Amino acid sequence: MVKIAPSILSADFANLARDIERVSTADYLHVDVMDGLFVPNITIGIPVVQCIRKVTEMPLDVHLMIDRPVRYVERFCAAGADIVTLHIEADAAENTQRALDLIHAAGKRAGVVLKPKTPAEAVLPFLDSCDIVLVMTVEPGFGGQKFMADMMPKLRQLREWIDARGLDCELEVDGGVDPVTCKTVIENGADVLVAGSAVYRAEDIPARILELRG
Ligand code: DX5
Ligand code: ZN
């Protein structure tokens with residue numbers, strides 16, 4: 001069965017503990033970190049991750065949408081992240097590799113993220129170092145955007161490479177995932193589905209999480 005990672009970007013930040021509890025039947029808690037530089041929005045950072053760590057046992061899936069993430073990955077690990085993903089576009093290849101190595105040295109799971117315009121091939125130099133690869137199906141920066149179905153060939157290609165190499169690497173999708181589009185991403189090989197607005201706008205959140213499992 002696929003895993004569901006609700007994104008707290010769509011939660012009420014003034015009631016964050018309550019809104020984290022509301023998604024406790026999911027598998028991971030997706031935490032979107034934005035710096036106003038790599039993406040045109042600013043969200044939350046290390047102190048908030050520290051606070052979240054104290055109120056939930058859910059694995060924290062921290063998606064760094066920040067410039068040169070190698071500068072901060074160790075601090076996110078120390079703050080309580082279980083999975084840290086960083087964008088391939090955010091730094092030179094050697095620094096991306098170093099960031100993955102630092103996350104592993106901290107005993108955490110690491111992965112790379114691709115913006116919509118970044119081809120699947122960009123992952124290849126890092127694939128053996130990834131516990132997870134995240135494919136964006138919207139331009140990163142905001143919740144509630146329309147799902148980009150044209151990312152499905154990229155998703156399928158990554159699924160093929162992961163399977164052909166026999167890697168223990170999850171394939172995650174983020175952006176516009178709802179009860180309809182979840183079926184498309186599952187068919188195309190995703191194992192972890194991030195969903196912000198589709199989860200938090202639901203009347204019955206546990207039922208919606210179940211629905212998103214396809
Ligand atoms: C967008 C974030 C997503 C966002 C998804 O940059 O990375 O995690 O919260 O929101 P929805 O599910 O509403 O598209
Ligand atoms: Zn995200």
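How far from an oxygen atom of ligand 1 does a polar side-chain atom of serine 7 lie? The legends below begin with that contact and then move outward, and the model they describe is predicted.

**Figure 1. Polar contacts hold our attention in this first close-up of ligand 1.** The distance asked about above is 2.8 Å, from a polar side-chain atom of serine 7 to an oxygen atom of ligand 1. Look next at aspartate 174, where a side-chain N or O atom is 2.7 Å from an oxygen atom of the ligand. Glycine 176 takes part through its backbone: one of its N or O atoms lies 2.8 Å from an oxygen atom of ligand 1. On its own, ligand 1 has 380 Å² of accessible area, and the protein covers 99% of that.

**Figure 2. The shell around ligand 1 is made up of 20 residues.** The closest of them are Asp32, Gly141, Asp174, Gly196 and Ser197. Sorted by class, the shell holds eight nonpolar, ten polar and two charged residues.

**Figure 3. Ligand 1 is shown here in its setting, the largest pocket.** Three elements each give two or more residues to the shell around the ligand: β2 (29–34), β3 (60–65) and β8 (192–195). Which of these elements supplies the largest share of the shell? That is β2, with three residues.

**Figure 4. The largest pocket, seen as a space in its own right, has a volume of about 340 Å³.** Its lining counts 28 residues, and those nearest the pocket centre are Gly143, Gly144, Gly175, Gly176 and Ser197. Two or more lining residues come from each of β2, β3, β8 and α7 (197–200). Here β2 gives the most, contributing three residues to the lining.

**Figure 5. A last view takes in the classes of residue that line the largest pocket.** Eleven of the lining residues are nonpolar, twelve are polar and five are charged. Among the faces to find again here is Ser197, one of the lining residues nearest the pocket centre and also one of the closest residues to ligand 1.

Note on methods:
Residues numbered from 1 in each chain as written. Chains lettered and ligands numbered in written order. Predicted model: local features only at pLDDT ≥ 70, side-chain atom pairs only at ≥ 80, totals over all residues. Heavy atoms only, no water. Near = heavy atom within 4 Å. Polar contact = N/O pair within 3.5 Å; in protein donor to acceptor, adjacent residues only side chain to side chain. Areas by Shrake-Rupley, 256 points an atom, 1.4 Å probe, with all protein chains shown as cover. 1 Å grid on protein atoms, 1.4 Å probe; cavity = no way out; pocket = protein on both sides within 12 Å on 5 of 7 lines; lining within 4 Å. Sits in = over half its atoms within 2 Å of the grid points. Helix = DSSP H or I, 4+ residues; strand = E, 2+ residues; numbered from the N terminus. Nonpolar A, V, L, I, M, F, W, Y, C, P; charged D, E, K, R; others polar. Points joined across faces, edges and corners; volume = space filled by probe spheres on them.
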